[in-house]
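Colleague: Before we discuss this model, could you put the sequence and the coordinates where we can both see them? I would then like to go through the ligand site and a few backbone details.

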Amino acid sequence: MDEEKSGPQKLKSHTPDSDLIAKARAVLDHNDLGDYIVPSRGLYPHQVLWDSCFVAIGLSHQDLDKAKLQIRRLFKAQWQNGMVPHIVFSEGSHYWWDRRGWKSWINPKSAKGVASSGISQPPMLAEAIVRIGRKLSPSERRLWYKSVYHQLVAYHEWFYRERNPDGDGLVVQIHPWEIGLDNSPSSMVEVRDKSWPLWLRFLELTRFDQIGNAFRVDTKYVPNGQRSSNLEALAFFRLQVKIRRRKYESKRILKKPFFAITDVTYNSILIRANSLLEEIAKALDEKLPEQLTEKFKRSIDSIEKFWDETDEQYYCLKYRNKQQIKTPSIATFLPLYSGAISQARADKLVKLMSDSASYGFEYPIPTVPINSKWFDPVCYWQGPTWVNTNWLIIDGLRRYGFNDQADRLTRSTLKMVKMSGFYEYFDPSTGAPRGVNNFSWTAALTLDLEFNLN
Ligand code: GLC
């Protein structure tokens, strides 16, 4: 944390809500399979990378051993090239189909004996490791950091070796699932541009895609209108097949990509993770390879490529021609979390955040602004408010000294959860619950927000 940017420390006046804390913990216990906590028992029955990191951050307040366990299991699935996969599959014959969908074993660098996906997710690992570390005594912290250091370095090296062919420090994502904000407008623009074959167009025109309802698993848990559409889901699965055929080899995939964008959220999280990795190295008196820290600097220098001077917001980039995808979304606020932008940019973002024509809702921050043609208050990443994106932005606000705004966003987030439950996402106008109930990262980050509120 940048102490000098966070301003003078205020005395704590908030007493954590013990009832909410107990309920949040009960959700995590409910989703706990022993070695790991799944995002939600029915809909997401496997371990998921950034979900587990958020879970570990929440658990760091109450159960450090369990928090560490989440991270250790993720590292057990790390590929020999350093990639940490976004899903580590649960065992059991009824998940056979899920494991076969990815067949991670077709890549010789995948972890032996572990079935996983073949892509990664926003790099929240360093943050989770440090949040755990900060709760430990100095000697325990050293041991903890030591136990994960080399694997974490290998993970960061993977980004720059495999996902930054241009060497400008910004890394590319090869599937919307990798970005974590699955059907976010910028991803959908790219999918429609590059991976929308004739047969999908035909289904769209004829509405034959409705047949897909019979095959979808997620809509057994959540109403259709709150998920990716059938067409989006089909396009995502098609993309999965395409990258599987190339055995998840970044070089081969990026030669002629089916989907490739340089996402603002992902890169902002990476920049922050880099600085946290440096903090870990420092605590261990280790020296990170110079080649790597040089790349870290380049990432910071390149973040302004996302900035659009006319619209005064950050946009994702197309991989091929580096052009901005000018569809506004919550991604514009994530550079606050990176800590790499100027105070002047941060001021502009804070102003935009409270603008009632776009993001200023009763229960902010919507994933897409109301004045966008993509906005839908109930549909997944195309409008609803999510607790994890709020958490990242709250952290970013504090880095730039916006403590009042951070407290306000924390209170509205907690109010929404208290009122509606530990849902996956929420309607930004009413705070009504959407998505699946008993969702792990909502519970875990509620714990963290409760404990950290002033
Ligand atoms: C959805 C989300 C993704 C999350 C996963 C498990 O796919 O879009 O970000 O990791 O669910 O919760």
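**The ligand site and beyond**

Colleague: Which residues are around the ligand?

Modeller: This is a predicted model, and the shell is counted with a cut-off of 4 Å between heavy atoms. The residues around the ligand are Pro-39, Tyr-44, Val-48, Trp-50, Asp-51, Gln-121, Gly-180, Asp-182, Tyr-380, Trp-381, Phe-439 and Trp-441.

Colleague: How do the residues of that shell divide into nonpolar, polar and charged?

Modeller: Tyrosine and tryptophan count as nonpolar here, whereas glycine counts as polar. On that basis the shell around the ligand divides into eight nonpolar, two polar and two charged residues.

Colleague: What distance separates an oxygen atom of the ligand from an N or O atom in the side chain of Asp-51?

Modeller: Polar contacts are taken within 3.5 Å, and the side chain of Tyr-44 has an N or O atom 3.3 Å from a ligand oxygen, while for the side chain of Trp-50 the corresponding value is 3.0 Å. For the side chain of Asp-51, the distance to a ligand oxygen is 2.6 Å.

Colleague: How much of the ligand's accessible area does the protein cover?

Modeller: The space taken by the ligand is the largest pocket. On its own the ligand has 300 Å² of accessible area, and the share covered by the protein is 93%.

Colleague: Which residue forms a salt bridge with Arg-272?

Modeller: The structure holds 30 salt bridges. One of them ties together parts that are 145 residues apart in sequence, because Arg-272 lies in helix α12 (residues 264-283) and its partner in helix α5 (residues 125-133). With the closest N and O atoms 3.6 Å apart, the partner of Arg-272 is Glu-127.

Colleague: Which residue does a cis peptide bond join to Pro-364?

Modeller: Most peptide bonds are trans, but here omega is about 0 degrees. The partner lies in the loop between α15 (343-353) and α16 (387-399), and the residue joined to Pro-364 is Ile-365.

Technical notes. Residues numbered from 1 in each chain as written. Predicted model: local features only at pLDDT ≥ 70, side-chain atom pairs only at ≥ 80, totals over all residues. Heavy atoms only, no water. Polar contact = N/O pair within 3.5 Å; in protein donor to acceptor, adjacent residues only side chain to side chain. Areas by Shrake-Rupley, 256 points an atom, 1.4 Å probe, with all protein chains shown as cover. 1 Å grid on protein atoms, 1.4 Å probe; cavity = no way out; pocket = protein on both sides within 12 Å on 5 of 7 lines; lining within 4 Å. Sits in = over half its atoms within 2 Å of the grid points. Salt bridge = Lys/Arg side-chain N within 4 Å of Asp/Glu carboxyl O. Helix = DSSP H or I, 4+ residues; strand = E, 2+ residues; numbered from the N terminus.
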